[in-house]
Amino acid sequence: MTGITDDLRALQTQLQKLTFSDRADPAYEFQKVCVRPFLQKGGLRFQLEQFRGAQVFHKNLDFPALLEWVETTGAVQYRQLLLSAAGTEIQYTEKGGKTRRRVRAADRPAIAPQTHDRQKQYLLREGENIPALVDLGVFTRDYKIVKSKYDKYKQINRFVELIDDVFQKSDKKELTILDFGCGKSYLTFILYYYFTVLRGIKVTVLGFDLKADVVARCNEIAQRYGYDGLRFYVNDVTTDRLFEGKVDMVVTLHACDTATDYALLHAIAHRVPHVFSVPCCQHEINAQIRPGGDFDLLLRHGLLQERFSALLTDAVRAEVLRLCGYEVDVIEFVDFEHSPKNLMLRCRLKESKTPDLGAIEALLEQYGVKQTLVEEVKKLK
Ligand SMILES: C[S@@+](CC[C@H](N)C(=O)[O-])C[C@H]1O[C@@H](n2cnc3c(N)ncnc32)[C@H](O)[C@@H]1O
């Protein structure tokens, strides 16, 4: 097809969508490509969605790169293009080596391109094409939030927003992230999507979980969408040797009981710069605790004991991380209504230190408890 790039130049700021279809060579890998403009760091960029079977591959280009892609690929590999812009639609059809160009007025108002920059409420927008979330049951087929998954959607959205606070200005080109107790992996998928599609950063995201069937399904979905850097493994994170390479971030979202401790231990032992951890079911201390300290009053009622034990667990974790050289913020990451387990340890490594755990051990001793992170960090050289 010819003449497209002239129209693109003329309509650059009014473009809303380009749809390339009808492959010239049926063996060409992508059946269809859709292009949409978006704003990033104040500049206009274009996202290519390339469809191969059920998989979708994303690529972000600036305008000169888009023109080059259209000239060398779009106009060569496809025989049809629908160019939609504010107020107009142009259809190109290639037949017998000739390009037919039909223009018609379209009743389509100008709309500002969506921004992929930091606009917290828009990080994972309802209605946005995130097909993996459909497979995971969080979005319906038309990208609306499934009602029963609203709390989970809130959690993963907020989790990613907090990560965005740290990484929005990052000039990193590649990152490796580990997710301990990833389960159905809503967060794991979204992290992958956030970094690759919204931030254009190449990431390897590895999820670990005990459940073989869930891990197999997550790997299947990752492959379906061509998420090559996203992989899931069946592991017991409390006993197995996991990934030994360089890691930039450890995340946990409701990893059960001591699974959280082993995630934090991995971060400390491997000097991982960033940790975002939302603990869950802190049973370990609750199962051992007995009176002996200044807060015995809190152990007289089961409910209070359970809450005190959970708070003590997370306070000890935060302190161990601090003593190991992390700057630690303990924050409420979502409102209680979206999850009662809503406390997050957000940690950034300042300088790796050998901790003096004496004061924490003395405190725990008063209540007759041993705590996994403390015990494991003591073993580190
Ligand atoms: C409450 S789910 C949370 C799943 C996921 N992170 C989310 O937020 O949807 C906790 C997950 O931790 C996993 N898990 C618990 N103990 C584990 C262990 N020792 N090693 C690996 N995974 C574990 C469970 O199998 C479960 O899938």
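In this predicted model, Val316, Arg317 and Val320 of helix α9 meet Leu373, Val374 and Val377 of helix α11, where two residues count as being in contact if their C-beta atoms, placed from the backbone, lie within 7 Å. Local features need pLDDT of at least 70 and side-chain atom pairs count only at pLDDT 80 or more, whereas totals for chains, interfaces and linings use all residues. Residues are numbered from 1 along each chain as its sequence is written. Helices (H or I, at least four residues) and strands (E, at least two) are DSSP runs, numbered from the N terminus.

**Contact of α9 with α11**

- The residues of this contact divide into five nonpolar, no polar and one charged, with Ala, Val, Leu, Ile, Met, Phe, Trp, Tyr, Cys and Pro taken as nonpolar, Asp, Glu, Lys and Arg as charged, and the others, Gly among them, as polar.
- The axes of α9 (residues 302-323) and α11 (residues 372-379) come within 9 Å and cross at roughly 25°, the axes being lines fitted to C-alpha atoms over the stretch in contact, with angles running from 0 to 180 degrees between N-to-C directions.
- That angle makes α9 roughly parallel to α11, a term used for angles under 35 degrees.

**Helix α6 and its two faces**

- Helix α6 (residues 212-224) has 13 residues and should span 18 Å at 1.5 Å a residue, which agrees with the 18 Å between its end C-alpha atoms; the expected span is 1.5 Å times one less than the number of residues.
- Val215, Cys218, Ile221 and Ala222 are the buried residues of α6, where buried means that 20 or more other C-beta atoms lie within 10 Å of a residue's own, exposed that 12 or fewer do, and partly exposed anything in between.
- These buried residues cover an arc of only 125° around the axis, which puts them on the same side of α6; the arc is that of the directions from the helix axis to the C-beta atoms.
- What covers the buried residues of α6 includes α3 (131-135), β10 (202-209) and β11 (230-234).
- The face turned away from the buried side carries the exposed residues Ala212, Asp213, Ala216 and Glu220.

**Positive phi values**

- Most residues other than glycine have a negative phi.
- Gly226, just after α6, takes a positive phi of about 65°.
- His254, in strand β12 (residues 249-256), has a positive phi near 60° and is partly exposed, with 17 other C-beta atoms within 10 Å.
- Asp257, in the loop between β12 and α7 (259-269), has a positive phi near 40° and counts as partly exposed, with 18 C-beta neighbours inside 10 Å.

How values were computed. Angles under 35 degrees count as roughly parallel, over 145 as roughly antiparallel, 65 to 115 as roughly perpendicular and the rest as oblique.
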